[in-house]
Amino acid sequence: METATIERTNVLGVGISAINIPMTLEVLDAWIQHKHRTYVCITGVHGVMESQADPELRKIHNQAGLVTPDGMPMVWLSRLAGHKHVDRVYGPDLMLAVCATSLHKGYRHYFYGGNQGVPELLRDKLQERFPGLQVVGTYSPPFRPLTPDEDAAIVARINEAEPDIVWVGLSTPKQERWMAAHLGKIQAPVMIGVGAAFDFHAGLKPQAPRWMQRSGMEWLFRMLSEPKRLARRYLQNNPRFVFAVLMQMLGLRRYKLDT
């Protein structure tokens, strides 16, 4: 499946790919087989709202190979736009689906991100769940920016491991910036930014019940789980998002898909 044939829904100037998990797996496999280098943004309300005040971040999203609908609002808006097949492509779910596929496809994985020890714990948990899963490297970067020499060293380290997929767990918008900045440097066909999936699958943070995920209420579960870190984000972003989308749907505000 060619990504050029996958339509996008314009959500406040961010092009959300009209896709679901089976389609995503098909696209990822084509990229890996053809050694096509690109990156995937897994984007919900937070990523879209961060892009409102940051044209460069919006461009990073719109230049991605895929921008998957991470949150249910992205799914609902895509379906309203006529893409009835669209379903949620949630980072943690996609990671599990790709790992399962890897057992017969032979994909090689690299985990970049998370606090000290988290990518190694993630590797161990996933290999326990998926015996035979090939994880060829892990790295937890410091919170400070890497020096050019340090960055070159980690790029070399990743490339020497020859992964097919580099999973990036740095949270939005840091992971999107990292993937865009390393496109062409990282030789792996695919980089995928999955944020909190590292902590979820490492067993360090709880996931919302499935019914909350499907009803669009996962944000409430996460906010109550981490109020100091997430309350301001959700309580500011969610009302602003709803208002901005209404303005777009009424034709009172127009957005271009800048690339």
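Two strands count as paired if DSSP finds at least two bridges between them, and the strands themselves are DSSP runs of E with at least two residues, while helices are runs of H or I with at least four, all numbered from the N terminus. With that in hand, start at the N-terminal end: strand β1 (residues 8–11) and β2 run antiparallel, joined by four bridges. Before going on, note that this is a predicted model, where local features need pLDDT of at least 70 and side-chain atom pairs count only at pLDDT 80 or more, while totals for chains, interfaces and linings use all residues. Residues are numbered from 1 along each chain as its sequence is written, and side-chain values use heavy atoms, with hydrogens and water left out.

Back to the hairpin. β1 and β2 have two residues between them, and L12 in the turn carries a positive phi of about 55°. Across the pair, N10 stands opposite G15 in β2. In a regular strand the side chains alternate between the two faces of the sheet. Strand β2 (residues 14–17) is covered on both faces, with V14 and I16 buried on one side and G15 and S17 buried on the other. Here buried means under 20% relative accessible area, exposed means over 50%, and partly exposed is in between (1.4 Å probe, protein chains only).

Next, some backbone angles. Most residues other than glycine have a negative phi, and most peptide bonds are trans. K35 goes the other way, with a positive phi near 55°; you'll find K35 in the loop between α1 (21–34) and β3 (38–43), and at 58% relative accessibility it counts as exposed. E162 is another non-glycine with a positive phi, about 55°. This one sits in the loop between α7 (148–161) and β7, and E162 is exposed too, at 56% relative accessibility. A glycine with a positive phi turns up as well: G82, near 105°, follows α4. As for peptide bonds, T172 and P173 are joined by a cis one, with omega about 5°, and P173 belongs to the loop between β7 (165–169) and α8.

Now for the helices. An α-helix has 3.6 residues a turn, so residues three or four places apart point the same way. In helix α4 (residues 72–80), the buried residues include M72, M74, V75, L77 and S78. Helix α5 (residues 91–105) holds M95, which counts as buried because its relative accessibility is 0%. M95 also makes a long-range contact of sorts: A197 is 102 residues away in sequence, yet the C-alpha to C-alpha distance is 7.8 Å.

What about the cysteines? A disulfide is a pair of cysteine sulfur atoms within 2.5 Å, and a search of the whole structure finds zero of them. C41 is in no disulfide, and the nearest cysteine sulfur, that of C99, is 20 Å away. C41 is buried, with a relative accessible area of 0%. C99 likewise counts as buried at 0% relative accessibility.

Further along the chain comes a β-α-β unit. Strand β5 (residues 108–113) and strand β6 (residues 134–139) pair in the parallel sense over five bridges, and F111 stands opposite T138 in β6. Together with helix α6 (residues 118–129), β5 and β6 make a right-handed unit, right-handed meaning that, with the strands pointing away from the viewer, the path from the first strand over the helix to the second runs clockwise. In the loop between α6 and β6 lies L133, which is buried at 5% relative accessibility. L133 and L103 are 30 residues apart in sequence and 6.1 Å apart in space, C-alpha to C-alpha.Finally, the second largest pocket. A pocket is found on a 1 Å grid over the protein atoms alone, as an open set of points with protein on both sides within 12 Å along at least five of seven lines; a cavity is a set where a 1.4 Å probe fits but cannot get out, and lining residues have an atom within 4 Å of a point. The volume of the second largest pocket is about 170 Å³, taken as the space filled by probe spheres set on grid points that are joined across faces, edges and corners. Its lining has 13 residues, with Y112, P145, L146, K174 and W178 nearest the centre. Helix α8 (residues 174–182) gives the most to this lining, with four residues. By class, the lining of the second largest pocket has eight nonpolar, one polar and four charged residues, where Ala, Val, Leu, Ile, Met, Phe, Trp, Tyr, Cys and Pro count as nonpolar, Asp, Glu, Lys and Arg as charged, and the others, Gly among them, as polar.
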